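Student: Could we go through this structure together, one question at a time? I would like to see the reasoning behind each answer.

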Amino acid sequence: SLCPIRMSQGIGIFLAPTQSGQFAVTRIVPGGPAALSGNVRIGDILVQLDGRILDGLPVEAVRNAVLGAPGSEVDLTLEREEMGRTIMVFVTVTRGSHSRGSSPLRHTS
C-alpha cells in the first residue's frame, strides 16, 4: 500500500502517489495554508508546482518541491474533476509552518 506524504509544514496537505504516477490530495490540514486559500480540494491532482511538472517524479522530489521557507509563495496547478469534466485550477499558497490540527501520519493497510 502507498503511504501519504506528510507536508503540513509546507502548505498543509497530504498527497499520495496514484498508480499513474501523479499525486492526489488526500487530506487538507484545517487552518493550514492550503485550507486558508479555499481553492484546494481533496481529490485534486497536483500537476505542477511553480511551473515544474510533477508527473512521474519520485516521492522525495515532490516533497522537497512543496517544502520551502515559511512565508514564501508557491504556485500550484491542480487538475480537478468537476461536473463531468476535467478543469485546471491555479492557486498561489503562502508556505508556513503549522501545528494546530495536524496529526501524526498513521499507516493503514
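**Salt bridges, core and backbone**

Tutor: Happy to. Arginine 63 and glutamate 60 both sit in helix 2, three residues apart, which is about one turn of the helix. Keep in mind that this is a predicted model.

Student: How far apart are the closest N and O atoms of arginine 63 and glutamate 60?

Tutor: Let's start with their surroundings. Arginine 63 is partly exposed because its relative accessibility is 24%, and glutamate 60 is partly exposed because its value is 45%. The two form a salt bridge, and the distance between the closest N and O atoms is 3.3 Å.

Student: How many salt bridges are there by this rule?

Tutor: Side chains of opposite charge can pair when their charged atoms come close. The cut-off here is a Lys or Arg side-chain nitrogen within 4 Å of a carboxyl oxygen of Asp or Glu. By that rule, the count is three.

Student: Which residue forms a salt bridge with aspartate 44, and is that partner buried or exposed?

Tutor: Aspartate 44 counts as buried because its relative accessibility is 1%. Its salt bridge has closest N and O atoms 2.8 Å apart, and it links distant parts of the chain, from the loop between helix 1 and strand 4 to strand 6, 36 residues apart. The partner's relative accessibility is 8%, so it is buried. That partner is arginine 80.

Student: And which residue forms a salt bridge with arginine 41?

Tutor: Here the closest N and O atoms are 2.9 Å apart. The pair also links distant parts of the chain: arginine 41 is in the loop between helix 1 (33-37) and strand 4, and its partner is in strand 6, 41 residues apart. Arginine 41 is partly exposed because its relative accessibility is 43%, while the partner is partly exposed because its value is 27%. The partner is glutamate 82.

Student: Turning to the core, which strand gives the largest share of the largest nonpolar core?

Tutor: This core has 21 residues, and Val40, Leu46, Leu49 and Leu76 touch the most other members. Elements giving two or more residues include strand 2 (13-17), strand 3 (23-28), helix 2 (59-66) and strand 7 (85-94). The largest share is four residues, and it comes from strand 7.

Student: Why are the buried residues of helix 2 on the same side, and what arc do they cover?

Tutor: The residues in question are Val62, Ala65 and Val66. What covers them includes strand 2, strand 3, strand 4 and strand 5. They lie on the same side of helix 2 because the arc they cover around the axis is only 95 degrees.

Student: Threonine 77 is in strand 6; what is its relative accessibility?

Tutor: Leaving aside neighbours within four places in sequence, threonine 77 is in contact with Ile45, Leu46, Val47, Gln48, Met88, Val89 and Phe90. The cut-off for buried is under 20%. Threonine 77 counts as buried because its relative accessibility is 9%.

Student: Last one: what is phi of methionine 83 near?

Tutor: Most residues other than glycine have a negative phi. Aspartate 50, in the loop between strand 4 and strand 5 (52-53), has a positive phi near 55 degrees. Methionine 83 lies in the loop between strand 6 and strand 7 and is exposed because its relative accessible area is 83%. Its phi is positive too, with a value near 50 degrees.

Definitions and conventions: Residues are numbered from 1 along each chain as its sequence is written. This is a predicted model: local features need pLDDT of at least 70, side-chain atom pairs count only at pLDDT 80 or more; totals for chains, interfaces and linings use all residues. Side-chain values use heavy atoms; hydrogens and water are left out. A nonpolar core is a set of buried Ala, Val, Leu, Ile, Met, Phe, Trp, Tyr and Cys residues joined through side-chain atoms within 4.5 Å. Buried means under 20% relative accessible area, exposed over 50%, partly exposed in between (1.4 Å probe, protein chains only). Contact means heavy atoms within 4.5 Å. The arc is that of the directions from the helix axis to the C-beta atoms.
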